[in-house]
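The following exercises concern aromatic side chains and their surroundings. Please work through each task before reading its solution.

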Amino acid sequence: MTDHNDRTPNIPGQRQELHHDQDLNLPPAPPPAGDHQGAKLPQFAAAREWWDHAWETGGFLHQRWEDVRQVPELGWHGMANWVKAALGLAGICAVIILLDGATDVLATALHDLLTAVPRVQVGTDTSDGIFAVVDQPIRSYIAAHSATLPISASTVYTLWQIVGLFGLVGGFFRSSGARLTWTAWGAASIAMVYSAAPADGRTIATGLAVLAWTAASALALRGLSLRPSLFIHTAAPNIDIRPEIHVPVPAAPPVDDTPDNVHPLTKR
């Protein structure tokens, strides 16, 4: 008898294929939490990898270290440019730090030097002997004409002495600029003596100032001659050089001493 059962026969594997086709249309399931955390890199792994690669042969840090290591052997001209720049920048920073710390010290020392001379007063004789004849009029002139200046008369007097000492020492070592300074300093000093000296002794004081400055000029202007320098140019004689080659004439061949009656044999 025929079985009229419309149910689909149970074929092994058909259900499994259907479920597999349905799974393809679904989104993939997320991986387990433990697998994702295991694949994560450590926190400083990338930095450590770059550090190791930079110190390998030919790496960035390895090359920089080689440049620094070869500085004593190569010297200033052969070292790398970035090393020169770093050393120059370090030197400039050191100089700036030293100057910043020494500014107050230098300012105090300069102020003490400029104010080391006692206050200049008109009519006060602080020097004695022949030197007072020249020094006292200069002090009086400076004190009388520096009242409106922003610096004191003692500072001006100190500067006047320093300039004269510079001209004397520099002129002794044959410096042209120092000799010009010495000349101008001497002329200004003589003018101050002539202007501030007492009327009765003005001529004597000015004469002594000129003599003192002239005597000191023997050191400041040593080796300087007022004679004009003559440059005589001697023309070299005009010498005409013509190379010539002389070839000796060859000697004549020797005369044959054979007698005339000797003839060579001939075949008949």
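The exercises below treat the overall architecture, then the ring pairs, and finally the charges placed over rings.

**Exercise 1. Overall architecture**

Determine how many helices and strands the protein contains, and what share of its residues is buried.

Solution. The model is a predicted one. Step one: the protein has 10 helices and zero strands, so the order of elements from the N terminus is simply α-α-α-α-α-α-α-α-α-α. Step two: 17% of the 268 residues count as buried. Step three: the exposed surface amounts to about 22600 Å², of which carbon and sulfur atoms supply 64%. Step four: among contacts with a separation of 6 or more, 47% involve residues 24 or more positions apart.

**Exercise 2. The pair F172 and F173**

Classify the geometry of the rings of F172 and F173, and state the exposure of each residue.

Solution. Step one: the whole structure holds six aromatic pairs. Step two: in one of them, the ring centres of F172 and F173 lie 5.4 Å apart, and the planes meet at 90 degrees. Step three: planes over 60 degrees apart count as edge-to-face, so the pair F172 and F173 is edge-to-face. Step four: F172 has a relative accessible area of 33% and is therefore partly exposed, whereas F173, at 62%, counts as exposed.

**Exercise 3. The pair W182 and W213**

Classify the pair W182 and W213, locate both residues in the helices, and decide whether each is buried or partly exposed.

Solution. Step one: the ring centres are 6.5 Å apart and the planes stand at 15 degrees. Step two: because planes under 30 degrees apart count as stacked, the pair W182 and W213 is stacked. Step three: W182 belongs to helix α9 (residues 176–196) and W213 to helix α10 (residues 202–220). With their positions 31 residues apart in numbering, the pair links distant parts of the chain. Step four: the cut-off for buried is under 20% relative accessible area; W182, at 4%, is therefore buried, while W213, at 23%, is partly exposed.

**Exercise 4. The cluster and the charges over rings**

Name the members of the aromatic cluster that includes W182 and W213, and identify which charged residue sits over the ring of Y157.

Solution. Step one: the cluster consists of Y157, W160, W182, W185 and W213. Step two: the charged end of R139 sits over the ring of Y157, at 4.4 Å from its centre. Step three: a further such arrangement places R202 over the face of Y194, 5.5 Å from the ring centre.

Methods. Residues are numbered from 1 along each chain as its sequence is written. This is a predicted model: local features need pLDDT of at least 70, side-chain atom pairs count only at pLDDT 80 or more; totals for chains, interfaces and linings use all residues. Side-chain values use heavy atoms; hydrogens and water are left out. Buried means under 20% relative accessible area, exposed over 50%, partly exposed in between (1.4 Å probe, protein chains only). Helices (H or I, at least four residues) and strands (E, at least two) are DSSP runs, numbered from the N terminus. A charge sits over a ring if NZ of Lys or CZ of Arg is within 6 Å of the ring centre and within 35 degrees of the ring normal. Contact means heavy atoms within 4.5 Å. Accessible areas come from the Shrake-Rupley method with a 1.4 Å probe; for residues, only the protein chains shown count as cover.
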